[in-house]
Number of protein chains: 2
Amino acid sequence: MDARALGIFDSGVGGLTVVRAVQDLLPHEAIVYLGDTARVPYGSKSPETIRRFAAEDVRFLVERGVKAVVVACNTATAHALPQLREEFGLPVIGVIEPGVDAALAHPDAQRIGVIATRGTIRSHAYQHALAQRRPGLVILDHATPLLVPLVEENWIEHPAADIILHTYLDPLIERGMDTLLLACTHYPLLMPKLRQLLGPEVRLVDSATTCAEHLRASLARLDILAEPSPASLEIHLTDLSEQFELLARRFLRNPPPRIHRAELAS
Amino acid sequence: MDARALGIFDSGVGGLTVVRAVQDLLPHEAIVYLGDTARVPYGSKSPETIRRFAAEDVRFLVERGVKAVVVACNTATAHALPQLREEFGLPVIGVIEPGVDAALAHPDAQRIGVIATRGTIRSHAYQHALAQRRPGLVILDHATPLLVPLVEENWIEHPAADIILHTYLDPLIERGMDTLLLACTHYPLLMPKLRQLLGPEVRLVDSATTCAEHLRASLARLDILAEPSPASLEIHLTDLSEQFELLARRFLRNPPPRIHRAELAS
């Protein structure tokens, strides 16, 4: 048992979908969240810059005494995970492996769709991880850049959402996709819409939920789960704006009353 | 007469719509374009960071011997224009004043719609400039964050474009908008679609064209227009990717055969 908080970071507010999934699955854990909103997005930065930013993010969390870190950012997971594990010597969990594991958990999974931002698709992180784990797998990857602004506009029930999702997904359905992996932390908010659109034939894998499940298993294995206790959530953002605060509150069920402005030591 | 090139910069490739408008209006001018694609977008950065980046961009162009600089970036225009004029001592033209001038050029303009990214709307740069120039004006401002990815996806003729544009613009039409100012360098690509949607009653002001007109007047006044000669265009981007190159070619009518990778001295 370990009462110290979990640290979770992302380049922006998208990682709060992971916070919400962790709150659902591990209701006794205290959480410190860091969103590097001053430098969002990481996807367009160079790998060296991403590794430097990710190390600064983890240092901020480690200084707050966390027992483990979740990298709730696809770009940082793709480029910085091994280095963060080596440098900080505490459990560091990314979003890619849990999603890939979950997508391959069903023995019939043969044709996996992967949707993400252009940066994540271009990094080939999911495609590599899937292909390494199950050679011969058909991977149907597709960049879906309109989905992040769609979620941020809260247009999930808007008629534009149906048209945009059909345009992106119909070609994958026609190519016989049996599983769809949501490889962006904004996309879990589209789950109800996607279930309705895809029907029961396509399995949906949401990286926020699978990441929380992976985290629970790791904490249990290391025997550092929190004891039953009232949980807490602290949110730090490197740049505060009305829009970021609005999104943060929408991405969470019970947002904290106050969001802190963080200064990172570089 | 002055055969030196014009320097034009933006945080990304959007400013190429300004390049195209300048090529149309000033066909003899040589142009050096810099897109700071490694650090795009500027809209979410702090004003001090934006001023530093803008100065680095102008220095890059000045080192290439340009005679004047166009800041084809709304964020950099809003935060860095006076400083750039002071620091570099050559003509520096932004995108905001020309658009505001053109929107107010018609004596009947009373209810001006302004659409832009969330960052530009939040900066209030256009709203301030309009209100200062004509007190009592009704300004109908609206952030339209889905339009940049829509243009970048090349979905201008896609059914989603109609729905998205109607959702954004119908409330402005209902409030009696007589002029619509496109305050983002990506939006000129939506002009034919917007003309069709808005009909002849609403005047459309495109900041790329108005910026090129303002530039021509400035060069003529200073007597530094180029002599009739074959024009040239050099494009430098601080980060090259397939996507940026694709967009660059789509935003221009006659793109150059080669796009250069630029290193900025900081």
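Which loop of chain B holds B:Asp223? B:Asp223 sits in the loop between H10 and strand S9 (233-237) of chain B; the last view returns to this residue.

The model is predicted, so local features need pLDDT of at least 70 and side-chain atom pairs count only at pLDDT 80 or more, while totals for chains, interfaces and linings use all residues. Residues are numbered from 1 along each chain as its sequence is written, chains are lettered from A and ligands numbered from 1 in the order in which they are written, and side-chain values use heavy atoms, with hydrogens and water left out.

**View 1. The two chains are related by a rotation of 180°.**
Chain B superposes on chain A by this rotation with 0.1 Å of shift along its axis, at RMSD 0.0 Å (least squares on the C-alpha atoms of residues with pLDDT of at least 70 in both copies). This is the relation of a two-fold axis. The C-alpha of B:Ala160 is the one in chain B nearest the axis, at 2.8 Å. Of the interface residues of chain B, 100% are also interface residues in chain A, so the copies meet through the same surface.

**View 2. Helix H11 of chain A has its buried residues on the same side.**
Helices (H or I, at least four residues) and strands (E, at least two) are DSSP runs, numbered from the N terminus. In H11 (residues 242-251) of chain A the buried residues are A:Gln243, A:Phe244, A:Leu247, A:Ala248 and A:Phe251. They cover an arc of only 135° around the axis, which places them on the same side of H11(A); the arc is that of the directions from the helix axis to the C-beta atoms. Buried means under 20% relative accessible area, exposed over 50%, and partly exposed in between (1.4 Å probe, protein chains only). Within chain A, these residues pack against helix H1 (16-25), helix H7 (147-152), strand S9 (233-237) and strand S10 (259-261). Helix H5 (118-123) of chain B is also among their packing partners. Contact means heavy atoms within 4.5 Å.

**View 3. Helices H2 and H3 of chain A pack obliquely.**
Two packed helices are described by the angle between their axes and the distance between the axes. For H2 (residues 47-63) and H3 (residues 74-88) of chain A, the angle is about 55° and the axes are 9 Å apart. That makes H2(A) oblique to H3(A). Axes are lines fitted to C-alpha atoms, for helices over the stretch in contact, and angles run from 0 to 180 degrees between N-to-C directions. Angles under 35 degrees count as roughly parallel, over 145 as roughly antiparallel, 65 to 115 as roughly perpendicular and the rest as oblique. The crossing of H2(A) and H3(A) is right-handed (the near helix is turned clockwise from the far one by less than a right angle; anticlockwise would be left-handed). Residues of H2(A) in the contact include A:Ile50, A:Ala54 and A:Val58, and those of H3(A) include A:His79, A:Ala80 and A:Leu84.

**View 4. Helices H8 and H9 of chain B cross at roughly 50°.**
The axes of H8 (residues 159-174) and H9 (residues 191-198) of chain B come within 11 Å. H8(B) and H9(B) are therefore oblique to each other, and their crossing is right-handed. H8(B) contributes B:Asp162, B:Leu165, B:His166, B:Leu169 and B:Ile173 to the contact, and H9(B) contributes B:Lys193, B:Leu194, B:Leu197 and B:Leu198.

**View 5. B:Leu16 is buried in helix H1 of chain B.**
The relative accessible area of B:Leu16 is 0%. B:Leu16 and B:Ala248 are 232 residues apart in sequence, yet their C-alpha atoms are 6.9 Å apart in space. With neighbours within four places in sequence left aside, B:Leu16 contacts B:Tyr33, B:Ile235, B:Ala248, B:Phe251 and B:Leu252.

**View 6. Backbone geometry in loops of both chains.**
Most residues other than glycine have a negative phi, and most peptide bonds are trans. The peptide bond from A:Val40 to A:Pro41 is cis, with omega near -5°. A:Pro41 is in the loop between strand S2 (31-35) and H2 of chain A. In chain B, a cis peptide bond joins B:Val40 and B:Pro41, with omega about -5°. B:His124 has a positive phi, near 60°, and is partly exposed at 38% relative accessible area. Phi of B:Asp223 is also positive, near 55°, and this residue is exposed at 51%.
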